[in-house]
Amino acid sequence: QVQLVESGGGLAQAGGSLRLSCAASGGTFSRMGWFRQAPGNMREFVAQSDRRGDSVSYADSVKGRFTISRNNAIHTVYLQMDSLKPEDTAVYYCAAGATVMRSKYDVHFWGQGTQVTVSS
């Protein structure tokens, strides 16, 4: 049974940092990444990476501020979030799949989500 378990969410001030972690079990995945969903909005792509970290991509809204990385030895993907803005406030979901994930329809497995709140 595949499980993706996120941790690391919480409250940060604008300009601050948070790091999210997602531990995977029950499978190995070519692609892992992060999506987010703010109240009243659709779930949107944030970042994704292949196994080696050679092929990564980011949403324009987070490019230059967020960094995705993977530690395959412990089946974990991270999202380092720097220079946070209030508009980054959302529930962040870990995602796993077999191909490049830019849409929620590309995702095979989801984590339960972790709340990130950025105050101004």
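**Close-up views of a predicted model**

**View 1. Phe35, Phe45, Tyr93 and Trp110 come together as one aromatic cluster.** Everything shown here and in the views below comes from a predicted model. A search for ring pairs turns up 4 aromatic pairs in the structure. Take Phe35 and Phe45 to begin with: their ring centres are 5.7 Å apart and their planes sit at 75°, so this pair is edge-to-face. The two rings link distant parts of the chain, with Phe35 in strand β4 and Phe45 in strand β5, 10 residues apart. Phe35 is buried, at a relative accessible area of 0%, and Phe45 counts as buried too, at 9%. Now look at Tyr93 and Trp110, whose ring centres are 6.3 Å apart with planes at 85°, so they are edge-to-face as well. This pair also links distant parts of the chain: Tyr93 belongs to strand β9 and Trp110 to strand β10 (residues 109-110), 17 residues apart. How buried or exposed are these two rings? Tyr93 is buried, with a relative accessible area of 14%, while Trp110 is partly exposed, with 30%.

**View 2. Arg43 sits over two of the cluster's rings, Tyr93 and Trp110.** Zoom in on Arg43 and you'll find it over the face of Tyr93, 3.6 Å from the ring centre. The charged end of Arg43 is also over the ring of Trp110, here 4.5 Å from the centre.

**View 3. Cys22 and Cys94 are joined by a disulfide.** The structure has 1 disulfide, and its two sulfur atoms are 2.1 Å apart. Cys22 is part of strand β3 (residues 18-25) and Cys94 part of strand β9 (residues 90-97), so the bond ties together parts that are 72 residues apart in sequence. Which hand does this disulfide have? The torsion about the S-S bond is about -80°, so the disulfide is left-handed. If you're hunting for the two cysteines on the surface, look inside instead: Cys22 and Cys94 are both buried.

**View 4. The largest nonpolar core holds 31 residues.** As a bit of background, nonpolar side chains in soluble globular proteins tend to be buried together. In this core, the residues that touch the most other members are Met32, Trp34, Leu79, Met81 and Tyr92. Plenty of strands chip in: β3, β4 (31-37), β5 (44-49), β7 (66-71), β8 (76-81), β9 and β11 (114-119) each supply at least two residues. Which strand gives the largest share of this core? That would be β9, with 5 residues. Tyr92 is a good place to park your view, as its contacts farther along the chain include Leu20, Trp34, Val46, Phe66, Leu79, Met81 and Val116. Other residues that Tyr92 touches include Glu6, Arg36 and Thr114.

**View 5. Ile68 is a buried residue in strand β7.** The relative accessible area of Ile68 is 6%, so this residue counts as buried. Where is Ala47 relative to Ile68? The two are 21 residues apart in sequence, yet their C-alpha atoms are 6.6 Å apart in space. Ala47 is also one of the residues that Ile68 touches. Others on that contact list include Met32, Trp34, Val56, Tyr58, Val77 and Leu79.

**View 6. Arg36, Glu44, Arg65 and Asp88 belong to one salt-bridge network.** Side chains of opposite charge can pair when their charged atoms come close. How many salt bridges does a search of the whole structure find? There are 4. One of them joins Asp88 and Arg65, at 2.8 Å from N to O. Asp88 is in the loop between β8 and β9, and Arg65 in the loop between β6 (56-58) and β7, so this bridge ties together parts that are 23 residues apart in sequence. Asp88 is buried, with a relative accessible area of 0%, and Arg65 counts as buried at 11%. Another bridge in the view joins Arg36 and Glu44, at 2.7 Å from N to O. Here Arg36 counts as buried, at 6% relative accessibility, whereas Glu44 is partly exposed, at 37%.

**View 7. Lys63 and Asp60 form a salt bridge between two exposed residues.** Their side chains meet at 3.1 Å, again taken from N to O. Are Lys63 and Asp60 buried or exposed? Both of them are exposed.

Note on methods: Residues numbered from 1 in each chain as written. Predicted model: local features only at pLDDT ≥ 70, side-chain atom pairs only at ≥ 80, totals over all residues. Heavy atoms only, no water. Disulfide = S-S within 2.5 Å. Helix = DSSP H or I, 4+ residues; strand = E, 2+ residues; numbered from the N terminus. Buried < 20%, exposed > 50% of the residue type's maximum accessible area, 1.4 Å probe, protein only. Core = buried A, V, L, I, M, F, W, Y, C linked by side-chain atoms within 4.5 Å. Contact = heavy atoms within 4.5 Å. Phe/Tyr/Trp six-rings, centres within 6.5 Å; stacked < 30°, edge-to-face > 60°. Lys NZ or Arg CZ within 6 Å of the ring centre and 35° of its normal. Lists of a residue's contacts leave out its neighbours within four places in sequence.
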